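Reader: I have a model open and a list of things to check. Could you take me through it, one point at a time?

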Amino acid sequence: RDVYFLRRPKNMATLEKLNLSIRRAIDSLNYLRPIHFVSGPRKAKNQNAFDWVFCQELGGIQVYVKIRKPTKKPNKVICFSFHEAEYPMRYCFRNE
């Protein structure tokens with residue numbers, strides 16, 4: 001798949017804090033599993049796309065991950081958010 005990482009200030013600050021490159025952040029998406037799943041698919045506002053939210057621990061930090069899948073581009077994924085979680089997550093497949 002073609003993954004595009006949005007270089008938002010929050011995302012870049014988290015990469016710096018974790019000493020990760022964009023490539024390594026994208027690679028970390030391959031390790032997302034159902035236990036990391038928070039919500040989705042949810043129709044993106046004003047977009048022909050759907051969003052999924054995950055949260056994974058990296059370097060002792062809970063990282064909020066939102067990926068967007070455009071409906072008209074089946075091989076494209078956008079990593080919209082990759083930053084420190086700002087609030088506690090409610091996971092769909094965990095008993096917490």
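**Charges, sheet, core and cysteines**

Author: Start with one side chain. Arg 68 counts as buried, at 10% relative accessibility. Keep in mind that this is a predicted model.

Reader: Which residue forms a salt bridge with Arg 68?

Author: The closest N and O atoms of the pair are 2.6 Å apart. The cut-off is 4 Å, so the pair qualifies. Arg 68 sits in strand β4 (residues 61–70), and the partner sits in strand β3 (residues 49–58), 17 residues apart. The partner is Asp 51.

Reader: Is Asp 51 buried or exposed?

Author: The relative accessibility of Asp 51 is 10%. Buried means under 20%, so the label follows. Asp 51 counts as buried.

Reader: How many bridges join β3 to β4?

Author: These two strands run antiparallel. One facing pair is Val 53 opposite Lys 66 in β4. The number of bridges joining β3 to β4 is ten.

Reader: In what order do the five strands form the sheet?

Author: The sheet is open, and its pairing is mixed. β1 (2–5) and β2 stand at the edges with a single partner strand each, so one side of each has no neighbour in the sheet. From one strand to the next, the twist averages 25°. The order is β1-β5-β4-β3-β2.

Reader: What angle does the direction of α1 make with that of β5?

Author: Helix α1 packs on the sheet. There it touches β1, β3, β4 and β5. Its direction and that of β5 make an angle of about 65°.

Reader: Which residue forms a salt bridge with Lys 10?

Author: Lys 10 lies in helix α1 (residues 9–18), and its partner lies in the segment after β5 (76–84), so the bridge ties together parts 76 residues apart in sequence. Lys 10 is partly exposed, at 37% relative accessible area. The partner is exposed, at 54%. With the closest N and O atoms 2.5 Å apart, that partner is Glu 86.

Reader: Where do Arg 23 and Asp 27 lie?

Author: They form a salt bridge, with the closest N and O atoms 3.2 Å apart. Asp 27 counts as partly exposed, at 31% relative accessibility. The two residues are four apart, about one turn of the helix. Both lie in helix α2 (residues 22–28).

Reader: How many salt bridges does the structure hold?

Author: Side chains of opposite charge can pair when their charged atoms come close. Among the pairs here are Lys 10 with Glu 86, Arg 23 with Asp 27 and Asp 51 with Arg 68. The structure holds four.

Reader: Which residues touch the most other members of the largest nonpolar core?

Author: This core has 18 residues. α1, α2, β3, β4 and β5 each supply at least two of them. The largest share, four residues, comes from β4. Those touching the most other members are Phe 5, Val 63, Val 65 and Phe 82.

Reader: Which residues is Val 65 in contact with, leaving aside its neighbours within four places in sequence?

Author: Val 65 is one of the core members that touch the most others. Its contacts include Leu 29, Leu 32, Trp 52 and Val 53. They also include Phe 54, Gln 56, Ser 81 and Phe 82.

Reader: How many disulfides does the structure hold?

Author: The sulfur of Cys 55 is 12 Å from the closest cysteine sulfur, in Cys 92, too far for a bond. Cys 79 is in no disulfide either; its nearest cysteine sulfur, that of Cys 55, is 12 Å away. Cys 55 is buried at 1% relative accessible area, and Cys 79 is buried at 0%. The number of disulfides is zero.

Reader: Which residue has a positive phi although it is not a glycine?

Author: Look in the loop between α1 and α2. The residue there is exposed, with a relative accessible area of 71%. Its phi is about 55°, and it is Asn 19.

Reader: Which two residues does a cis peptide bond join?

Author: Omega is about -5° at this bond. The proline has its place in strand β2 (residues 37–43). The bond joins Gly 40 and Pro 41.

Definitions and conventions
Residues numbered from 1 in each chain as written. Predicted model: local features only at pLDDT ≥ 70, side-chain atom pairs only at ≥ 80, totals over all residues. Heavy atoms only, no water. Salt bridge = Lys/Arg side-chain N within 4 Å of Asp/Glu carboxyl O. Buried < 20%, exposed > 50% of the residue type's maximum accessible area, 1.4 Å probe, protein only. Core = buried A, V, L, I, M, F, W, Y, C linked by side-chain atoms within 4.5 Å. Contact = heavy atoms within 4.5 Å. Pairing = 2+ DSSP bridges. Axes fitted to C-alpha atoms, helices over the stretch in contact; angles between N-to-C directions. Disulfide = S-S within 2.5 Å.
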